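Dear colleague,

Please find below the structure that I am handing over to you. My account of what was found in it follows directly after.

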Amino acid sequence: MIALRIASCVTLPEPDPDAEPLAAALAAAGVEVAVLGWDDPEVDWDAPIPTLLRSTWNYPLAPEAFAAWLRRVGAAAPLWNPLDVVLGNLSKRYLLELPERGVATVPTRWIERAPWPTLASLRGELGATRVVAKPAVGAGSLDTERFVAGEDARFAAHLEKLTARGAALVQPYVESVHDYGERSLVWIDGQISHAVRKTPRFAGDVEQVEGPLPFTDAEAALAAAALAPRTGSLLYARVDLARDAAGAPMVMEVELIEPSLFFAKQPGSADRFVTAVQRRLASAPAR
């Protein structure tokens with residue numbers, strides 16, 4: 001009997017590096033699973049079987065349908081991460097809320113509708129030579145573009161495209177991602193498991209990942225602060241960090257829905273993840 005459904009999507013936009021090590025760890029633990037597309041209309045998502053969110057990477061193309069699916073699945077059986085956590089992470093508006101809690105975060109300008117600010121004004125406001133514009137609901141590098149002085153027309157066209165279907169974010173391009181890199185701290189069941197370094201990624205790029213790498217006490221503390229309101233309910237999380245001009249860490253993103261956890265980079269991490277899943281399965285309501 002299937003003990004767990006793993007939610008993916010019918011057509012993956014790119015390969016899932018976690019799929020193989022997770023499958024091996026689940027098989028070794030004797031957990032019977034079915035990998036199913038959240039967007040597959042043939043699946044009975046009302047069945048009372050716990051669901052683990054993984055590579056549902058096309059949801060930004062249909063965020064309202066995805067939110068409705070989440071509520072449907074969460075009403076039928078346990079969902080991991082939990083429904084309230086996932087719904088709260090769908091929009092990157094949380095990047096505006098983190099500084100209100102004293103969490104150092106990449107400066108973020110939220111843009112919903114015209115008239116849009118000019119590229120020059122945003123570069124000045126953010127104190128940046130280059131800026132990045134991305135959708136407020138996004139995954140991977142979907143529609144994430146970088147702009148420099150003189151690209152006003154391209155920038156305006158991109159904002160028009162993004163805000164036609166939702167809000168947009170504009171942030172300074174953080175120069176430290178080229179040397180120290182973007183550090184992703186992976187959180188599994190109550191603690192940081194490992195960290196990796198990712199190279200900058202924009203629309204159409206292939207993700208390059210190195211690791212595992214050491215992380216500092218300051219980075220660990222910042223990741224914990226970013227997750228603090230919800231740590232007790234999280235099965236997994238990933239906190240992406242960069243360094244400001246003074247070398248201090250700041251949050252770039254907090255991923256609580258379907259982040260890659262880079263199991264292959266840290267031996268034993270998939271096994272520890274599956275142990276945490278088994279513990280939750282054991283305490284899930286009987287079917």
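Strands E12 and E13 run antiparallel and are joined by 6 bridges; two strands are taken to pair if DSSP finds at least two bridges between them. Helices (H or I, at least four residues) and strands (E, at least two) are DSSP runs, numbered from the N terminus. The model is a predicted one, in which local features need pLDDT of at least 70 and side-chain atom pairs count only at pLDDT 80 or more, while totals for chains, interfaces and linings use all residues. Residues are numbered from 1 along each chain as its sequence is written, and side-chain values use heavy atoms, with hydrogens and water left out.

The sheet

Between E12 and E13, Arg243 has Pro249 in E13 as its bridge partner. The two strands form a hairpin with 5 residues between them, and Gly247 in the turn has a positive phi of about 90 degrees. Both belong to an open sheet of 5 strands with antiparallel pairing, in the order E11-E10-E9-E12-E13. E11 and E13 (249–255) stand at its edges with a single partner strand each, so one side of each is left without a neighbour in the sheet.

On its other side, E12 (residues 236–243) pairs with E9 in the antiparallel sense over 6 bridges. Within this pairing, Ile188 has Tyr236 as its bridge partner in E12, and Val186 has Arg238. E12 is largely enclosed by the rest of the structure, because 7 of its 8 residues are buried; buried means under 20% relative accessible area, exposed over 50%, and partly exposed in between (1.4 Å probe, protein chains only).

E9 also pairs with E10, in the antiparallel sense and over 7 bridges. Here Ile188 stands opposite Gln191 in E10. The hairpin of E9 and E10 has 2 residues between the strands, and Asp189 takes a positive phi near 50 degrees. E10 (residues 191–198) has 7 of its 8 residues buried, so this strand too is largely enclosed by the rest of the structure. Towards the edge of the sheet, 2 bridges join E10 to the antiparallel strand E11 (residues 209–210), with Lys198 opposite Val209.

The nonpolar cores

A nonpolar core is a set of buried Ala, Val, Leu, Ile, Met, Phe, Trp, Tyr and Cys residues joined through side-chain atoms within 4.5 Å. The largest has 40 residues, and Leu52, Leu53, Phe66, Trp69 and Phe273 have the most contacts inside it. Elements that give two or more residues to this core include helix H1 (19–28), helix H2 (63–76), strand E9 (182–188) and helix H8 (269–283). H8 gives the most, with 6 residues. A second, separate core has 25 residues, among them Val85, Trp110, Leu222 and Ala223.

Two residues illustrate the packing. Leaving aside residues up to four places away in sequence, Phe66 touches Trp38, Leu53, Thr56, Tyr59, Leu90 and Ile257, where contact means heavy atoms within 4.5 Å. Ala270 is found in helix H8 and counts as buried because its relative accessibility is 8%. With the same sequence neighbours left out, Ala270 touches Pro21, Ala25 and Phe263. The C-alpha atoms of Ala270 and Asp18 are separated by 8.5 Å, although these residues are 252 apart along the chain.

The empty spaces

Spaces were sought on a 1 Å grid over the protein atoms alone: a cavity is a set of points where a 1.4 Å probe fits but cannot get out, and a pocket is an open set with protein on both sides within 12 Å along at least five of seven lines. Lining residues have an atom within 4 Å of a point. Grid points are joined across faces, edges and corners, and a volume is the space filled by probe spheres set on the points.

How many cavities of 30 Å³ or more are there? The count comes to 1. The largest cavity holds about 50 Å³ of space, and Tyr59, Leu90, Tyr94 and Ile257 are among the residues that line it.

The second largest pocket holds about 270 Å³. Of its 15 lining residues, Tyr94, Glu97, Leu98, Arg101 and Arg230 lie nearest its centre. Helices H3 (83–89), H4 (94–97) and H7 (217–227) are the elements that give two or more residues to this lining.

Yours faithfully
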